[in-house]
Amino acid sequence: MPRSIDKKLLTSMMVMGSVVEARDAYTGGHLWRVGHFSRLLAEKIGLDRGQVFLAGLGGFMHDLGKVGVPDAILNKPGPLTDIEYAVIRTHPAIGASVLEEHPLSALALDAVIAHHERPDGRGYPFNQEGEQIPLVARIVGLADAFDAMTSSRPYRKGMSIERAASILAGERGRQLDAQLTDAFLSITKGDAIGSRAPHRST
């Protein structure tokens, strides 16, 4: 953590993220894992220590807006309807609105608001494309997608690392940044990913 950051303020911001973690009974540890995977990816592409820290923080805070999603939708034991999915899609904007009131909001705001943007412009909430999407958001979005696929839900078992990696490769340059995907795929084979992912193999 950069020395210039107030530790008490940082802790208070992370407590906000922990509320989301506590609400979702089916994906316990999701925020911690996305933070971990985001740090690994940031290190892999050679970012400096400060940027690696921000990637990890952004990964932990990215779903902050789910505090505004009703429990009936957040913890629904089955696939979402179109209407319910539309509600879920509001969480980046809600998260940004909540985070903006915090003194350290700038540290995680890009990850919170833009982690569902896509290089092909089909993401949300702004339909940004390519490098219009902040780098930290592209990193967190990839880590989030991987953890979502490898985590189990009541209506489906999480995928193996190998299967998830195959899907990531198929979304290279569309849903996911091409260069970041290549870097992430190269580390899915190592223990740093395998020891944290919910499912190690088929």
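Which elements do the buried residues of α6 pack against? They pack against α1, α3, α5 and α7 (109-114), and Figure 3 below comes back to this.

Before the close-ups, some ground rules. This is a predicted model, in which local features need pLDDT of at least 70 and side-chain atom pairs count only at pLDDT 80 or more, while totals for chains, interfaces and linings use all residues. Residues are numbered from 1 along each chain as its sequence is written, and side-chain values use heavy atoms, with hydrogens and water left out.

**Figure 1. The largest pocket holds about 1,200 Å³ of space.** A pocket here is an open set of points on a 1 Å grid over the protein atoms alone, where a 1.4 Å probe fits, with protein on both sides within 12 Å along at least five of seven lines; lining residues have an atom within 4 Å of a point. Grid points are joined across faces, edges and corners, and the volume is the space filled by probe spheres set on the points. Of the 46 lining residues, Lys66, Tyr85, His116, Asp144 and Ala148 are the closest to the centre. Two or more lining residues come from each of α1 (7-23), α2 (30-44), α4 (71-74), α5 (82-88), α8 (135-150) and α9 (161-170). Helices are DSSP runs (H or I, at least four residues), numbered from the N terminus. The largest share, nine residues, belongs to α8. Sorted by class, the lining has 20 nonpolar, ten polar and 16 charged residues. For that count, Ala, Val, Leu, Ile, Met, Phe, Trp, Tyr, Cys and Pro are nonpolar, Asp, Glu, Lys and Arg are charged, and the others, Gly among them, are polar.

**Figure 2. The second largest pocket has a volume of about 200 Å³.** Its lining includes Leu10, Met14, Trp32, Arg39, Phe53 and Phe60. At least two lining residues come from each of α1, α2 and α3 (49-61), and α3 gives the most, with six. The class tally is seven nonpolar, three polar and two charged. Pick out Arg39, one of the lining residues, which sits in helix α2. Arg39 counts as partly exposed because its relative accessibility is 33% (buried is under 20% relative accessible area, exposed over 50%, partly exposed in between, with a 1.4 Å probe and protein chains only). Leaving out residues up to four places away in sequence, Arg39 touches Val52 and Gly56, where contact means heavy atoms within 4.5 Å. Arg39 and Leu54 are 15 residues apart along the chain, and their C-alpha atoms are separated by 8.3 Å.

**Figure 3. Helix α6 (residues 91-99) and its buried residues.** The buried residues are His91, Pro92, Gly95, Ala96 and Leu99. They lie on the same side of α6 because they cover an arc of only 135° around the axis, the arc being that of the directions from the helix axis to the C-beta atoms. An α-helix has 3.6 residues a turn, so residues three or four places apart point the same way. As said at the start, their packing partners are α1, α3, α5 and α7.

**Figure 4. The largest nonpolar core has 27 residues.** A nonpolar core is a set of buried Ala, Val, Leu, Ile, Met, Phe, Trp, Tyr and Cys residues joined through side-chain atoms within 4.5 Å. Phe146, Leu168, Phe184 and Ile193 have the most contacts inside the core. The elements giving two or more residues are α2, α3, α8, α9 and α10 (178-187), with the largest share, seven residues, coming from α8. Set aside neighbours within four places in sequence, and Ile193 is in contact with Phe37, Leu40, Phe146, Ile161, Phe184, Ile187 and Thr188. A second, separate core of 14 residues includes Val20, Phe60, Leu64 and Leu99.

**Figure 5. The loop between α7 and α8, home to Pro125 and Asn127.** The peptide bond from Tyr124 to Pro125 is cis, with omega near 10°. Asn127 has a phi near 55°, a positive value in a residue other than glycine. With a relative accessible area of 45%, Asn127 is partly exposed.

**Figure 6. Leu135, a residue of helix α8.** Leu135 counts as partly exposed, at 31% relative accessibility. Not counting residues up to four places away in sequence, Leu135 touches Leu47 and Leu180. Leu135 and His115 are 20 residues apart in sequence and 9.7 Å apart in space, C-alpha to C-alpha.
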